[in-house]
Amino acid sequence: AESYILGAIVPWVVTLFSSSALSSKSAFSRDAYIEILCVCLESIPSLDDRRRIWASGLKDMVDAHVDLNFLTKAIVAIAKADDLNIVRCEALDEFAMQVGDAASMVFRNGAVRESGGVLDTMVDSDEFRSMRLLLQTFVGLSPVCSQVLIGEGVIQSWINVVCQQTEHDMILEDDVGSNVLLDLLLAVASTKSSHLCYSNLLRLTSQSWKEGGQIWTSRCWKLLKAHKDRERLLKELQDYAKAVLEQDLCMIDRHDEKSKPGKIDCMCLVWSNRCSRLFGLCGDASLVLAGLDNVQLWKSSYSSPLQEYRSGNRLFACLRYVLQSFDDPTERRKLLCGDMKSGDTATELTLHVLLSLVDASPSLVPFINSTRHHQCFKLFSLIGDAPREYLVAMCRQAVNIIANEMNVSIVSELTDHRSAQVINRSVALLDLLTAKLFGRRQAIVDSREAEISQHDVKEGDILFYVANDGSEVQ
């Protein structure tokens, strides 16, 4: 029987059912070969011999990449025929680890390639469904098998694989629930017979929070609410989420400028989605949770020569996506501005956000503010109109910043780049805020004339401008 199994049946199976030889005509013969294999194994009297022959045959079939559907049916059939005595073996554990590694790799590669279409296609593929069924069979959660067939070492290996940290973590967003291995492990953790330790459970729920999507909303969230250590688990998950958001915000800030087009924006969007999930965990929305309330962070985004024109826009992209997750402008305004009191503390964050966005480039030709300061107006469009007292308070703060920076320059008898940058931005923002308060009279500019730069003006040039009363002045 041994020579017949290993010398005839297994080679036939490899020939007919390897991944390169699949055909729709194989369904009938597949069941027949599985039945023959079971009968031959049952005919061997020694349990040790049956286990050794099964392990050897399984290894040969796995190495030859036999169809996953065939292997699933064969494993289930032999388990039922032999009451699990021979199915549970080292070869099956090694095979299960390989399938887990493959499932994780398919998900991560798909997430990196796109963010949408490839994963949707993958979820609908026959190979993906076969992989899901086989993984479910290993842990006894499939419709065809209710017995756990693998050891605890395999489960730990899967957890390590699914929770591994890579350079692509910032774009792992799983809207369609394609991370089959994570979904399976959370399903295992949800069973009454689960032996997962608390630390592994925390790792899995943390990973699900990072990826979001259907697995987070339908699987992980239910597990969190029903777990016996719910309060502790939620608290530690919140702390982890806050730390990750802070770390990822720095990563976005430092990310290479030469990245693929749209990658930075994708990272900002994923980051904001994680913020939304943290808000759900905490039952409250606050920029404090996300780390975007850090005034010093916004200051450094526009006052450092190395950060100029980069960090402010990246931070604002994160903030903009967070604000856009709320439909009501009133909620957005409350998130950024609080209760809109006019005190310095209440306006400080909004002021420095605007300072990071304002256009302070030199120009002698006035622009329409909404064109020149389009980023600032994006923010105003998101939060709606601010009360007059609030705008006045920000104007007062902008004047104070200008005065303080000029005092520093006078004392040091030198205006460095940082001070000049802060003063220029503060003046530009003050101009913008006063225009919102009092309206703006715009000089008439002949569109046929090129913009005049102060560097182009030479002694003896005659320039004209239109005064507020409409008269032309030389």
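## A serine beside a helix

The side chain of Ser286 reaches over to the backbone nitrogen of Val288, at 3.1 Å. Keep in mind that what you're looking at is a predicted model. To find Ser286, look in the loop between α13 (263-282) and α14 (287-290). Leaving aside residues up to four places away in sequence, Ser286 touches Phe279 and Leu335.

## Salt bridges within one helix

Next up are the charged pairs. How many salt bridges does the structure hold? There are 11.

Let's start with Asp63 and Lys59, whose side chains meet at 3.1 Å, N to O. Both sit in helix α3, 4 residues apart, so about one helical turn separates them. Asp63 is partly exposed, with a relative accessible area of 47%, and Lys59 is partly exposed too, with 46%.

Now jump to α12 (residues 230-254), where Arg232 and Glu236 are also 4 residues apart, which means about one helical turn lies between them. These two form a salt bridge, and their closest N and O atoms are 3.2 Å apart. Arg232 counts as partly exposed at 45% relative accessibility. Glu236 is partly exposed as well, with a relative accessible area of 28%.

There's also a case where salt bridges share partners: Glu2, Asp49 and Arg52 are joined into one network that way.

## A salt bridge across the sequence

The side chains of Glu173 and Arg277 make a salt bridge too, at 3.4 Å from N to O. Glu173 lies in the loop between α8 (152-162) and α9 (180-190), while Arg277 is in helix α13, so this pair ties together parts that are 104 residues apart in sequence.

Are these two partners buried or exposed? Glu173 has a relative accessible area of 12%, so it counts as buried, the cut-off being under 20%. Arg277 is buried as well, with a relative accessible area of 10%.

## The largest cavity

Time to look for empty space. A search of the whole structure turns up 2 cavities of 30 Å³ or more. The largest cavity holds about 40 Å³ of space.

Which residues line the largest cavity? They are Cys38, Leu41, Glu42, Arg50, Ile78, Ala81, Asp82 and Ile86. If you'd like to place them on the fold, α2 (26-42) and α4 (68-82) each supply at least two of the lining residues. Sorted by chemistry, the lining of the largest cavity has 5 nonpolar residues, no polar ones and 3 charged ones.

## The second largest cavity

The second largest cavity has about 30 Å³ of space in it. Its lining is made up of Ile5, Val10, Leu37, Leu41, Ile53, Trp54, Gly57 and Met61. Leu41 is a name to look for in both lists, as it lines the largest cavity and the second largest cavity.

Three helices, α1 (2-17), α2 and α3 (47-63), each give at least two residues to the lining of the second largest cavity. Which helix provides the largest share? That's α3, with 4 residues. As for chemistry, this lining splits into 7 nonpolar residues, 1 polar and no charged.

Definitions and conventions:
Residues numbered from 1 in each chain as written. Predicted model: local features only at pLDDT ≥ 70, side-chain atom pairs only at ≥ 80, totals over all residues. Heavy atoms only, no water. 1 Å grid on protein atoms, 1.4 Å probe; cavity = no way out; pocket = protein on both sides within 12 Å on 5 of 7 lines; lining within 4 Å. Points joined across faces, edges and corners; volume = space filled by probe spheres on them. Nonpolar A, V, L, I, M, F, W, Y, C, P; charged D, E, K, R; others polar. Polar contact = N/O pair within 3.5 Å; in protein donor to acceptor, adjacent residues only side chain to side chain. Contact = heavy atoms within 4.5 Å. Salt bridge = Lys/Arg side-chain N within 4 Å of Asp/Glu carboxyl O. Buried < 20%, exposed > 50% of the residue type's maximum accessible area, 1.4 Å probe, protein only.
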